[in-house]
Amino acid sequence: MALAVIRTPSLEPWKPLQKQPLPAGHPREWYVTHNRRLKAMRLAIALLDAGVYIPSRATNAKIRTTAVQLGIHPPSDTTCHMVRALIRYGR
């Protein structure tokens, strides 16, 4: 016999995790790439929450407008490309 489990949502507000320092000893390019990926993930999540599910609808202008709304510096063309790739492969 299968049991249905009903989960009630938490009443506590969502709290972001505390930031931890990045590991030392990597070349500068590693940190640049790491931060670029984090930015692309934040933007992709925001666009998906806004209803942009198709990469072709995530134009550079749309991505940069979303970044301004989130308080993030406008992304480069490379980061915009990464955002579209994340939307594409998340399907």
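1. A quick term before anything else: contact here means heavy atoms within 4.5 Å. Keep in mind that this is a predicted model.

2. With that in hand, start at helix H2, residues 60-70. What covers its buried residues includes H1 and H3. The buried residues themselves are Ile63, Thr66 and Ala67. Looking down the axis of H2, you'll find them within an arc of 105°, so they line one face of the helix. The spacing fits the textbook picture: an α-helix has 3.6 residues a turn, so residues three or four places apart point the same way.

3. Now flip H2 over. Ala61, Val68 and Gln69 sit on the other side and are exposed. Right after the helix comes Gly71, with a positive phi near 85°.

4. On to the two helices that help cover H2. H1 spans residues 28-49 and H3 spans residues 77-89; they pack at an angle of about 55°, their axes 8 Å apart. That angle makes H1 oblique to H3, since roughly parallel would need under 35 degrees and roughly perpendicular 65 to 115. As for handedness, the crossing of H1 past H3 is right-handed.

5. Who touches whom in that pair? From H1, the contact residues are Arg36, Arg37, Lys39, Ala40, Met41, Leu43, Ala44, Leu47 and Leu48. They meet Thr78, Thr79, Met82, Val83, Leu86 and Ile87 in H3. Sorted by class, this contact has 10 nonpolar residues, two polar and three charged. The charged ones are Arg36, Arg37 and Lys39 from H1, while Thr78 and Thr79 from H3 are the polar ones.

How values were computed:
Residues numbered from 1 in each chain as written. Predicted model: local features only at pLDDT ≥ 70, side-chain atom pairs only at ≥ 80, totals over all residues. Heavy atoms only, no water. Axes fitted to C-alpha atoms, helices over the stretch in contact; angles between N-to-C directions. Helix = DSSP H or I, 4+ residues; strand = E, 2+ residues; numbered from the N terminus. Parallel < 35°, antiparallel > 145°, perpendicular 65-115°, else oblique. Left-handed = near helix turned anticlockwise from the far one by under 90°. Buried < 20%, exposed > 50% of the residue type's maximum accessible area, 1.4 Å probe, protein only. Arc of directions from axis to C-beta.
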